[in-house]
Amino acid sequence: MRSNKDHGLVFNIQRYSIHDGPGIRTIVFLQGCPLRCPWCCNPESQGSVRPVTWVKNGKEETISKWMTVAEVLTEIEKDEIFYRTSGGGVTLSGGECLLQADFAASILKNCKQLGISTAIETTGAMPVTEIEKVLPYTDNVMFDLKIMNPVRAKQVIGDEVSQVKASFETALKTVNVRVTPRIPLIPGYTTSTSNLQLIADYVHKVGVHEVHILPFHQYGSQKYDYLSRNYELKDTALLTETQVNNIHQFFENERIKTIVSGLE
């Protein structure tokens, strides 16, 4: 089976989230991601759009499921009352939701028809044609900016910075879409002064004046054991409060409003 506008592969649906967009939200995690970030907190999503199994507590489990748009909407509508009272809605995440852009667009379009606010979390790591499919039905784009040096991005995570920039700038130009650049702060990968400066210079260039910074965490580390994969960052220390504050101050000094997320 292949993902299309009518059905796609989902590996999780998380209800009552308050960290992935405004208000109370339902997060639909779509299977598949073209990147190989060593710090990924959803390693089960990496690779092509295919069912994935892991071994948890001695039992093999399939953690992805083919679903129709209607089935996904049934789950989303269960919490409609909370969306309306909190200003929330649905967020498509992953993986990389643009890897199933036709399916994602169908979900978002149906949500908009129901009056439900929509958002996506994306790395922009796909041809610009894919984000163009979802933007007409998207209210909020939470866009990760990671390694901005093209050679290092390709080498470390398999990212094409030119595609990231094209997708980001396309979202910025789309009417009635709010774009929030987010910077995961990964020691040894994204936190160098040179990388932070590249990000600051880029957001200035495209007229953006606010970023969200997301300090490194170890929340998904156990998943690597379930997948029998080595977690390269298992000995990486969390950033101290001082280190986070210094990065916050760096962007503030660049005249970029900076919001720290993920320290709750």
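A residue is called buried here when its relative accessible area is under 20%. By that yardstick, 50% of the 264 residues of the chain count as buried in this predicted model. The overall dimensions come next. With 264 residues, a compact globule would have a radius of gyration near 18 Å, and the chain agrees, since its own value is 18 Å. Along the principal axes, the C-alpha atoms fill a box of roughly 45 × 45 × 35 Å. About 12500 Å² of the chain is exposed, and carbon and sulfur atoms supply 49% of that area. Contacts across the sequence are plentiful in the following sense: of those with a separation of 6 or more, 71% are between residues 24 or more positions apart.

As for secondary structure, the chain comes to nine helices and 11 strands. Nine strands go into one open sheet with mixed pairing, and reading across it gives the order β5-β1-β2-β6-β7-β8-β9-β10-β11. The edges are taken by β5 (65-68) and β11 (257-260), each of which pairs on one side only. Going from strand to neighbouring strand, the turn is 30° on average, direction ignored. Helix α6 (residues 161-172) packs on this sheet, where it touches β8 (140-144) and β9 (178-185). The direction of α6 makes about 145° with that of β9.

Strands of a sheet pair through backbone hydrogen bonds, and they can do so either parallel or antiparallel. Both senses turn up here. At the β5 edge, strand β1 (residues 7-17) runs antiparallel to β5, and four bridges join the two. Within that pairing, Leu 9 stands opposite Trp 66 in β5. Further into the order, β2 and β6 pair in the parallel sense over five bridges, with Val 28 standing opposite Leu 92 in β6. Strand β6 also pairs with strand β7 (residues 117-122), again in the parallel sense, this time over four bridges. There, Val 90 has Thr 118 in β7 as its bridge partner. Strand β6 (residues 89-93) is mostly covered, with five of its five residues buried.

Strand β2 is worth a closer look through two of its residues. Thr 26 sits in this strand, which spans residues 25-30. Its relative accessible area is 0%, so Thr 26 counts as buried. What does the side chain of Thr 26 pair up with in a polar contact? The partner is the side chain of Tyr 83, at 2.5 Å. Leaving aside residues up to four places away in sequence, the residues that Thr 26 touches include Ile 13, Gln 14 and Arg 15, along with Ile 76 and Asp 79. Tyr 83 is on that list too, as are Gly 89, Val 90 and Thr 91.

The other residue is Arg 25, which also has its place in strand β2. Is this arginine buried or exposed? Arg 25 has a relative accessibility of 0%, and therefore counts as buried. A polar atom of the Arg 25 side chain lies 2.9 Å from the backbone oxygen of Val 90. Val 90 thus comes up in several places: Thr 26 touches it, the Arg 25 side chain reaches its backbone oxygen at 2.9 Å, and Thr 118 is its bridge partner in β7. For a sense of distance across the chain, Arg 25 and Gly 207 are 182 residues apart in sequence, and their C-alpha atoms are 29 Å apart in space.

Terms used: Residues numbered from 1 in each chain as written. Predicted model: local features only at pLDDT ≥ 70, side-chain atom pairs only at ≥ 80, totals over all residues. Heavy atoms only, no water. Pairing = 2+ DSSP bridges. Axes fitted to C-alpha atoms, helices over the stretch in contact; angles between N-to-C directions. Contact = heavy atoms within 4.5 Å. Rg over C-alpha atoms; globule rule 2.2 N^0.38 Å. Buried < 20%, exposed > 50% of the residue type's maximum accessible area, 1.4 Å probe, protein only. Areas by Shrake-Rupley, 256 points an atom, 1.4 Å probe, with all protein chains shown as cover. Polar contact = N/O pair within 3.5 Å; in protein donor to acceptor, adjacent residues only side chain to side chain.
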